[in-house]
Amino acid sequence: MSDTGVGQAMSPLARVLRLAAPLRPRFAVAILLGALALGAGVALMSSSGYLISHAALRPEILSLSVVIAAVRFFALARAVLRYLERLVAHDAAFRFLAHARVDFFRRLEPLVPGGLTASRPGELLSGFVADVDALQHLLVRVVGPPLAALAVGAAATLTAAVLVPEAGLALGISLVAGAIVVPLLAASIARTAGRRRPRERAELAGATVELLAGLPELVAYGAAAGRLAELDAADRRLRRSTVREALAGGAGDGLATALTGVAAAAVLAAAIPAVSAGRLDGVHLGLLALLALASFEGVRTLPLAAQHLAGTEAAAERLFALADTEPPVRDPRRPRRLEPGAVLRLEDARLRFGDGPWLLDGASLELRPGRRVALVGASGAGKTTLAHVLVRFRELEGGRATLDGHDLREYAQDDVRRVVALCGQDAHLFATTIRENVRLARPGATDAEIAAALRRAGAGPWLDSLPDGLDTFVGDEGGLVSGGQRQRIALARALLSGARLLILDEPTAHLDEPTAAAVLDDLLGAADDVGVLLITHSPLRLERFDAVLRLEAGRLAPAA
């Protein structure tokens, strides 16, 4: 999805329609089938009313054959058309969702990790998924029902007017009132809830994920009760919004039912004098009464359409606000080609967040294959920020970051990350096998290459002891493996990438000292020909590094 400035100036709903442009013909067919199904339902009720009235006069059975055939035809047509409408509408909606998810994900990808600001784990994902899913309602449940109701309502009004002009006028006024008043009432009740409910659902999901992820620590420190209270409060807020939305739907249905009765009474009040005056055959009274009742079937869908309109608009606003966020890093139009070397330098680097203190303020560093550098410093000193600069997650505000003498901004981000690999302290393990977690670094890698990377990372004996080998399932976020095994899988992933420079951000965090020492020994043994920048708080194995630097007040200096 490539929105220009003109596209960004459009309303969110107009941008959703623009996004759905390739599938508009499918949605148009679905809307047409919906209108035909609604029309068949109205025709079925009307012809049934005529059949009942005519049959009450006990005419010859042959005189009813045409009407009986019409009733059967419209009954079958309604069922078939409704089935086809659902089939086409769902197909179009699922195709649109697949297209929209990929499009929005492509816009989100450049924002990672510095451009996304979800306050809680799971909140961004839950909100993103729910908001994208909500977009499908625009064409299926917001645009389609009013168009179908308009077409069928106009046809029903014209039919009534042909029989009795006054009845047509009464039905038309009733339908217009129902099409305006009912949705407005539903929208006014649901507007606030429709806008707040997705956000509150995302907050509840974020709070739930946060609680479950940190439950052992929360219980240990006696903070679980407070977090459960927060979760309960989020749940209550979501329940209130859900009840308010249900109230809107119920109010809309109730008002539509009342107007249906009023319309039928108004039509009969106009038609009965016509029968008395001889301008209308009495058998048509049943037809007009059921025509009025059936024509409101389209109006009944409009309150739900109004609710979906409010929710879809709010979802589109949130999604496009996120998608329009300026990424912290952009690729050049003509990226420089990579050269055989791999010398990475920081020269008088300066960077801060907003108006905060300078995290980097004249920092200089050199990293090349075979060189091992350890970086220490207090928490919050900017060590991880420095690592993000080196892999082009962040841009400097001053100074230079170069690769083989050329500014990093001259290279494509993916090219830089083929040379420089970052392995963070919380490297994510997906709920799949060891093989698939390691192969993320190089999707075309063979099992032999994956196993070799694991052995280089010191996981050989553990791998040999596993009955399922590379097919071993690691669990959700690596919950079925130990901390040391988790770090070795992450290290193997970095080694498999083939990067010539490795940046390891606290690879021994949360490990006991013997395990941490073993991981570092395996790391240093596996990376003889690779440049290594180790970010650490631990003094373990620092004597094996060529240089130990401390980041303090934004500058790098040899550690004491």
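This tour proceeds through a predicted model, stop by stop, with a selection to make at each one.

**The nonpolar cores**

Begin by selecting Ile434, Val438, Leu454 and Ile489. These residues have the most contacts inside the largest nonpolar core, which comprises 41 residues. Next, colour helix α18, residues 483-496; with 7 residues, this helix gives the most to that core. Keep Ile489 highlighted and display its surroundings. Beyond its neighbours within four places in sequence, Ile489 is in contact with Leu429, Ile434, Asn437, Val438, Leu454, Trp462 and Val474. A further core, of 35 residues, lies apart from the one just visited. To locate this other core, select Leu64, Val67, Leu171 and Ala274, which are among its members.

**Salt bridges between and within helices**

The structure holds 29 salt bridges, and several merit individual inspection. Select Asp91 and Arg26 first: their side chains meet in a salt bridge with an N to O distance of 2.8 Å. Asp91 belongs to helix α4 (residues 65-108) and Arg26 to helix α3 (residues 24-56), so this pair ties together parts that are 65 residues apart in sequence. As for their surface exposure, Asp91 is partly exposed at 29% relative accessibility, and Arg26 is partly exposed at 35%.

Move next to Asp324 and Arg107, whose side chains form a salt bridge at 3.3 Å, N to O. Here the loop between α12 (302-323) and β1 (344-351) supplies Asp324, while helix α4 supplies Arg107; the pair therefore ties together parts that are 217 residues apart in sequence. Is Arg107 buried or exposed? Arg107 is buried, with a relative accessible area of 18%, because the limit for that class is under 20%. Asp324, with a relative accessible area of 27%, is partly exposed. Add Arg15 to the selection: Arg15, Arg107 and Asp324 are linked in a network of salt bridges.

For a bridge inside one helix, display helix α9 (residues 224-276) and select Asp232 and Arg236, which are 4 residues apart and hence separated by about one helical turn. Their side chains meet in a salt bridge at 2.3 Å, N to O. Asp232 is partly exposed, with a relative accessible area of 35%, and Arg236 is partly exposed at 36% relative accessibility.

**The four-stranded sheet**

Now show the strands β2, β1, β4 and β5. In that order the 4 strands form an open sheet with antiparallel pairing. Which strands stand at the edges? They are β2 and β5 (406-407), each with a single partner strand, so one side of each is left without a neighbour in the sheet.

Follow β1 along its two partners. With strand β2 (residues 360-367), β1 pairs in the antiparallel sense over 6 bridges. Label Leu351 to find one position in this register: Leu351 stands opposite Leu360 in β2. With strand β4 (residues 398-403), β1 pairs in the antiparallel sense over 5 bridges. Two positions can be labelled on this side: Arg350 stands opposite Gly398 in β4, and Leu344 stands opposite Leu403 in β4.

**A buried lysine**

Select Lys383, which lies in helix α13 (residues 383-390). Lys383 is buried yet takes part in no salt bridge. Where is the nearest side chain of opposite charge? It belongs to Glu506, 5.2 Å away, which is beyond the limit because a salt bridge requires the atoms to lie within 4 Å. The side chain of Lys383 does reach the backbone oxygen of Ala378, at 3.0 Å. Setting aside residues up to four places away in sequence, Lys383 touches Leu375, Val376, Gly377, Ala378, Ile535, His537 and Leu551.

**A buried threonine**

For the final stop, select Thr536 in the loop between β8 (531-535) and β9 (547-552). Thr536 counts as buried, at 3% relative accessibility. Display the backbone of Ser538 as well: its nitrogen lies 2.9 Å from a polar atom of the Thr536 side chain. Apart from neighbours within four places in sequence, Thr536 is in contact with Leu375, Val376, Gly377, Glu506 and Leu542. Leu375, Val376 and Gly377 will be familiar from the preceding stop, where they were listed as residues touched by Lys383.

Note on methods: Residues are numbered from 1 along each chain as its sequence is written. This is a predicted model: local features need pLDDT of at least 70, side-chain atom pairs count only at pLDDT 80 or more; totals for chains, interfaces and linings use all residues. Side-chain values use heavy atoms; hydrogens and water are left out. A nonpolar core is a set of buried Ala, Val, Leu, Ile, Met, Phe, Trp, Tyr and Cys residues joined through side-chain atoms within 4.5 Å. Buried means under 20% relative accessible area, exposed over 50%, partly exposed in between (1.4 Å probe, protein chains only). Contact means heavy atoms within 4.5 Å. Lys and Arg count as positive and Asp and Glu as negative; His and the chain ends are not counted. A polar contact is a pair of N or O atoms within 3.5 Å; within protein, one must be able to donate a hydrogen and the other to accept it, and residues adjacent in sequence count only if both atoms are side-chain atoms. Two strands pair if DSSP finds at least two bridges between them.
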